[in-house]
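Student: I have a structure open and some labels to check. Can we go through the reasoning behind them?
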Amino acid sequence: MRAVEATYEKVTNKTFPKGPDMLASGHRACQGCGEVLALRLLLKALGTEFIAVSATGCMEVCTGPFPQSAWRMPWIHVAFENAAAVASGVEAATQVLRRKGRGYDQRIPVIAIAGDGGTADIGLQALSGALERYHENFIYVCLDNEAYMNTGIQRSSETPFMASTTTSPVGSKSKGPYTWKKDMPAIAAAHHIPYVATATPAFHLDLMNKVRRAAAIEGPAYIHVYSPCPTGWRMKPELAVEICRLAVSTRIFPLYEVLDGRYQISRKVDNPTSIADYFKVQGRFRHLKEADIAVITERVNADYQRLVELTEKFPVDAPQ
Amino acid sequence: MAKPIGMEVSLAVAEAVKLANTDVVAAYPITPQTHIVEHLSELVADGELDAAYIPVESEHSAMSSCIGSSAAGARTFTATSSQGLALMNEMIYIAPILRVPIVLAIANRALSAPINIWNDHSDIMSVRDAGWICLFAENGQEALDLTLISFRIAEDPKVSLPVSMNIDGFTLSHFIEPILIPEQAEVDKFLPPFKPNLQLDIKNPISIGLLGGPECYTESRKAADDVLWNSKPQITKAFDEFNKVFGRQYHVVETYRHEDAETIILLMGSIAETAMTAVDEMREAGQKVGVVRLRLWRPFPEEEVLAAVSKAKNLAVIDRHAVLGCSSGPVGLEVKSLLLNSNLKPNTSNYILGLGGRDVTRDDFKYIFEKAGSGQVQTRCEFVGVYE
Amino acid sequence: MTKPTIDALAKVGDLPLGFTAKPGSTMDFKTGDWRSVKPVLDKEKCIYCGFCYFYCPDGVYKDMGKDEKYYQADYDYCKGCGICAHECPKKAITMVLEEV
């Protein structure tokens with residue numbers, strides 16, 4: 001089945017599922033955590049009948065301190081780098097047992113959830129294996145807060161250019177990391193899986209519908225979620241949702257989908273807002289000078305332009 | 001009555017996994033284990049085994065997938081060797097605490113460096129403290145039988161632990177031996193369908209794999225220690241039940257001509273057959289020698305070991321793994337510490353041999369019997385046959 | 001000989017098999033006392049848009065229904081992050097300093 005043909009019930013503000021959250025309150029996420037907000041929303045989108053697998057990280061630690069758990073669906077955490085592999089095993093087991101008539105009466109989506117470190121760095125191999133093996137009911141979500149926040153804000157390969165972290169600090173000889181974010185959605189798409197998407201919790205319906213589409217597709221899906229971390233980004237907690245909107249409106253984090261290898265921008269940004277507004281509310285970018293911002297702006301616009309070209313060259317509505 | 005057929009031992013292990021109606025196999029190729037999973041993937045491809053075969057991208061992911069699949073309620077198997085087991089290390093320590101009854105066949109092979117594909121026990125010994133039940137097979141029949149028994153022990157509701165079934169790489173895994181292949185009906189009688197103790201169940205959700213702080217970590221480790229020690233009666237019960245169905249009785253510790261032996265060699269794995277041949281030859285020459293073999297390594301069968309060596313004057317403990325910077329290999333350490341708190345005081349020395357595929361011969365054992373038989377005690381382990 | 005004092009959650013024998021937990025049991029842990037400011041709703045200004053509910057990272061807002069037409073924060077769990085007040089399109093939510 002092609003991803004573009006997958007059918008699912010669309011979430012709107014009116015049809016927003018109002019039942020109990022699948023992630024219970026009482027979890028220990030920081031005040032204003034954009035990552036746990038993204039997690040709450042994406043789990044809500046999946047209904048009640050699915051299995052979740054977590055990688056070690058903030059979301060795992062703050063939701064599962066023995067003897068408590070915030071998860072209301074069957075949930076397993078094993079280690080840091082292997083959420084995709086654990087989910088592979090769970091998915092295979094549900095399929096076999098269903099086939100043999102020993103449980104899992106219907107198709108059970110298995111969702112693996114990891115941070116940017118657990119996805120783009122230490123978990124990349126396991127993820128690549130899982131995507132390439134083409135597990136049918138497999139959704140992988142990267143909750144990207146752009147550094148190793150659980151261990152105290154260390155640089156990851158998803159840390160943006162010049163964002164100060166505790167292992168890429170600003171010093172008299174350095175303005176932080178001189179490296180650009182690893183393009184994980186592109187890496188995922190290179191596995192020729194049916195569905196890749198980017199999302200962010202400020203666009204909650206967009207995020208939830210992408211998760212629903214991922215669950216409806218037979219084949220692996222990858223969703224990369226921009227997830228603000230007020231603690232690590234040195235930002236006021238109440239700005240966690242607004243910063244997501246700024247990331248999109250400045251083109252820093254474009255929202256798009258790759259369906260069956262064809263590109264579709266979810267929110268076109270013809271006239272980007274000022275990138276300086278995005279940087280000035282975050283302490284991790286406090287040291288940026290105008291010239292630095294100009295360098296970043298040029299790169300951000302070039303990346304966005306490349307994305308636009310992909311949508312023109314490989315449009316979703318073209319005959320396949 | 002079934003007739004034995006000539007079969008490569010690795011294939012016999014795979015046949016046992018098939019007879020067990022295994023649901024999920026997640027594996028990565030590594031010498032000398034590969035023939036096991038090659039044959040399993042053939043059985044799946046031919047429809048002889050209705051299982052999911054996950055061709056994972058590493059052993060780390062193999063064990064990760066196995067943990068996931070076992071937690072989802074599937075009968076789960078994997079196999080590995082050496083560096084593969086080392087790469088699994090992190091997962092090996094997690095599986096027993098999550099109580100997932102995975103069966104792991106290990107074709108034992110030396111650890112790098114230097115890189116070496118041949119047999120010794122350094123791979124399993126590096127994870128001996130992880131909380132798994134560890135069994136060692138001596139020959140092909142035992143490898144097949146212990147694979148079936150491993151599932152039964154692992155999935156026993158009173159156990160619910162992962163089990164490693166060890167066979168010596170190449171010197172056992174690649175040998176063609178006469179092996180009795182059990183009938184499916186017999187296996188079904190011995191091995192009931194897997195009913196998981198805990199499961200990722202949609203109707204009755206649980207959370208597995210929680211954070212355990214200082215206020216509960218100690219208790220979690222003690223609980224894991226308790227459950228491993230308490231598994232021994234269930235292990236012997238599985239051996240007895242196996243005998244009832246198949247007429248082959250196994251014990252956690254096996255002995256050979258040990259009753260009146262003055263000098264005993266204690267060891268594990270396939271070299272026991274060579275040692276027994278040496279014993280026969282030395283007995284003919286009038287020397288009182290015998291062999292004690294551990295089939296069960298974890299939990300360590302303390303009473304059975306003490307009973308088996310109780311009459312020996314001299315005891316030579318064999319290790320196929322050197323614990324660097326320590327006076328003994330792992331088996332040596334275990335036996336010496338056991339004897340220290342017992343009233344038995346045999347002259348005990350530890351011998352390291354057969355590392356990285358170095359041949360272990362009757363002459364090696366004769367040398368050890370004679371050296372140990374002299375009553376001389378060596379405080380440091382001796383590397384037998386080392387050229388220096 | 002005095003045994004050292006024990007600061008443990010559960011006895012060894014009482015630990016659940018596999019070190020598991022019941023679903024949603026973090027509800028036993030009230031995070032409300034993390035808060036220094038709390039959201040207070042002016043129902044007159046509220047248009048029942050639901051943004052406070054959608055955007056709450058801690059899921060503390062409850063839909064009071066079509067008759068009441070507002071969302072109520074559960075102060076047992078609200079950590080006082082202020083996202084709801086910031087996102088409210090009508091500025092109907094004010095963050096008020098907690099009395100100590």
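Student: How many helices and strands make up the secondary structure of chain A?
Tutor: This is a predicted model. In it, chain A has 11 helices and 10 strands.

Student: Why is chain A called as compact as a globular protein of its length?
Tutor: Set the two values side by side. The radius of gyration of chain A is 19 Å, and the globule rule gives 20 Å for 320 residues. The values are close, so chain A counts as being as compact as a globular protein of that length. Its C-alpha atoms fill a box of roughly 65 × 55 × 40 Å along the principal axes.

Student: What percentage of the residues in chain A is buried?
Tutor: Buried residues are 60% of the 320. To count, a residue needs 20 or more other C-beta atoms within 10 Å of its own.

Student: What makes α1(B) oblique to α2(B)?
Tutor: The crossing angle. The axes of α1 (residues 9–19) and α2 (residues 34–45) of chain B come within 8 Å and cross at roughly 45 degrees. Angles under 35 degrees would be roughly parallel, and 65 to 115 roughly perpendicular. The angle fits neither class, so α1(B) is oblique to α2(B).

Student: Is that crossing left-handed or right-handed?
Tutor: Right-handed. Residues of α1(B) that meet α2(B) include B:L11, B:V13 and B:V17. On the α2(B) side, B:I36, B:L40 and B:L43 are among them. The contact divides into 7 nonpolar, 3 polar and 1 charged residues.

Student: How many residues do chains C and A give to their contact?
Tutor: Chain C gives 31 and chain A gives 32. α3(C) supplies the largest share of the chain C side, 4 residues. That side holds 15 nonpolar, 9 polar and 7 charged residues.

Key: Residues numbered from 1 in each chain as written. Chains lettered and ligands numbered in written order. Predicted model: local features only at pLDDT ≥ 70, side-chain atom pairs only at ≥ 80, totals over all residues. Contact = placed C-beta atoms within 7 Å. Helix = DSSP H or I, 4+ residues; strand = E, 2+ residues; numbered from the N terminus. Nonpolar A, V, L, I, M, F, W, Y, C, P; charged D, E, K, R; others polar. Axes fitted to C-alpha atoms, helices over the stretch in contact; angles between N-to-C directions. Parallel < 35°, antiparallel > 145°, perpendicular 65-115°, else oblique. Left-handed = near helix turned anticlockwise from the far one by under 90°. Rg over C-alpha atoms; globule rule 2.2 N^0.38 Å. Buried ≥ 20, exposed ≤ 12 C-beta atoms within 10 Å, placed from the backbone.
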